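Student: Could we take a close look at one part of this protein together? I would like to follow a single residue and see what surrounds it.

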Amino acid sequence: MTLLIIIGILLVIGLGWASIYNSLIKLRTWAEESFSQIDVQLQRRNDLIPNLVETVKGYTNHERETLEAVTKARQQLIQLSPDATPEQINQVSNQLTSALSRLLAVAESYPELKANANFMELQRELSETENRIAKARQLYNSSIGQYNTRVQTFPVNIVANVHHFDVKPFLETPAEDRQVPQVSF
């Protein structure tokens, strides 16, 4: 009888352990999947950039520095190693976003460029893509928040530590982007 009780207790513990482990696997997979959505949108943006740069080039031959910054930032993102961390990808992506902002600001100086239908369509698509990237980053941080909460709560933290489920960092906005822009009239 005692043996049956011990076997019953071990069975309950084993099933609980397996249940916790499986829930951690689901959350980790969800976090990885949500990051892949960021990656998809970054690729979409990378595909739009050469068309945008070519359109702007025709109007702004003397704005080489800005065009080169966009091209360089895009190339850095494309050349990231396949095992780059989400944080590394986010950092390079933020550099590209900054360069694109400068490019669009340059376009403001060229009324005929702003009126170009191709430029307007590319600008609209780029804006949509930036919004998708922002939403994908929010989803990623949300999934990381759920994963981290689960990994750190008792008794799940015991299973998480044994199986090396570590807390993952959130994607954060660079400090310079947190500054309130100065507006003067």
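Student: In which helix is the place of Arg 137? Please walk me through its surroundings and the charged pairs of that helix.

Tutor: Happy to! Keep in mind that this is a predicted model. Arg 137 sits in helix 5, which covers residues 117-152. The UniProt record, an unreviewed entry, lists residues 112-139 as "coiled-coil region". In the model, that span is 93% helix and 0% strand, and its end C-alpha atoms are 38 Å apart.

Now zoom in on Arg 137 itself. This residue is buried, yet it has no salt bridge. The nearest side chain of opposite charge belongs to Glu 130, and it is 5.8 Å away. A salt bridge needs the nitrogen and the carboxyl oxygen to be within 4 Å. What Arg 137 does have is a polar contact: its side chain meets the side chain of Asn 90 at 2.9 Å. If you leave aside neighbours within four places in sequence, Arg 137 is in contact with Ile 38, Asn 90, Ser 93, Asn 94 and Leu 171.

Next, follow Glu 130, because it forms a salt bridge with another arginine, Arg 45, with the closest N and O atoms 2.8 Å apart. Arg 45 belongs to helix 1 (residues 2-57) and Glu 130 to helix 5, so this pair ties together parts that are 85 residues apart in sequence. The two partners sit in unlike surroundings: Arg 45 has 0% relative accessibility and counts as buried, whereas Glu 130, at 22%, counts as partly exposed.

The structure holds three salt bridges, so let us visit the others. Arg 124 forms one with Glu 121, where the closest N and O atoms are 2.4 Å apart. Both residues lie in helix 5, three residues apart, which is about one turn of the helix. Arg 124 also meets Glu 128 in a salt bridge, at 2.2 Å from N to O. Since Arg 124 and Glu 128 are four residues apart in helix 5, about one helical turn separates them.

Put these together and you get a network of salt bridges linking Glu 121, Arg 124 and Glu 128. Each member counts as partly exposed: Arg 124 at 38% relative accessibility, Glu 121 at 32% and Glu 128 at 30%. So helix 5 holds a partly exposed Arg 124 with salt bridges, and also a buried Arg 137 without one.

Terms used
Residues are numbered from 1 along each chain as its sequence is written. This is a predicted model: local features need pLDDT of at least 70, side-chain atom pairs count only at pLDDT 80 or more; totals for chains, interfaces and linings use all residues. Side-chain values use heavy atoms; hydrogens and water are left out. UniProt positions are given in the numbering used here, feature names are shortened, and annotations may be inferred rather than shown by experiment. Helices (H or I, at least four residues) and strands (E, at least two) are DSSP runs, numbered from the N terminus. Buried means under 20% relative accessible area, exposed over 50%, partly exposed in between (1.4 Å probe, protein chains only). Lys and Arg count as positive and Asp and Glu as negative; His and the chain ends are not counted. A polar contact is a pair of N or O atoms within 3.5 Å; within protein, one must be able to donate a hydrogen and the other to accept it, and residues adjacent in sequence count only if both atoms are side-chain atoms. Contact means heavy atoms within 4.5 Å.
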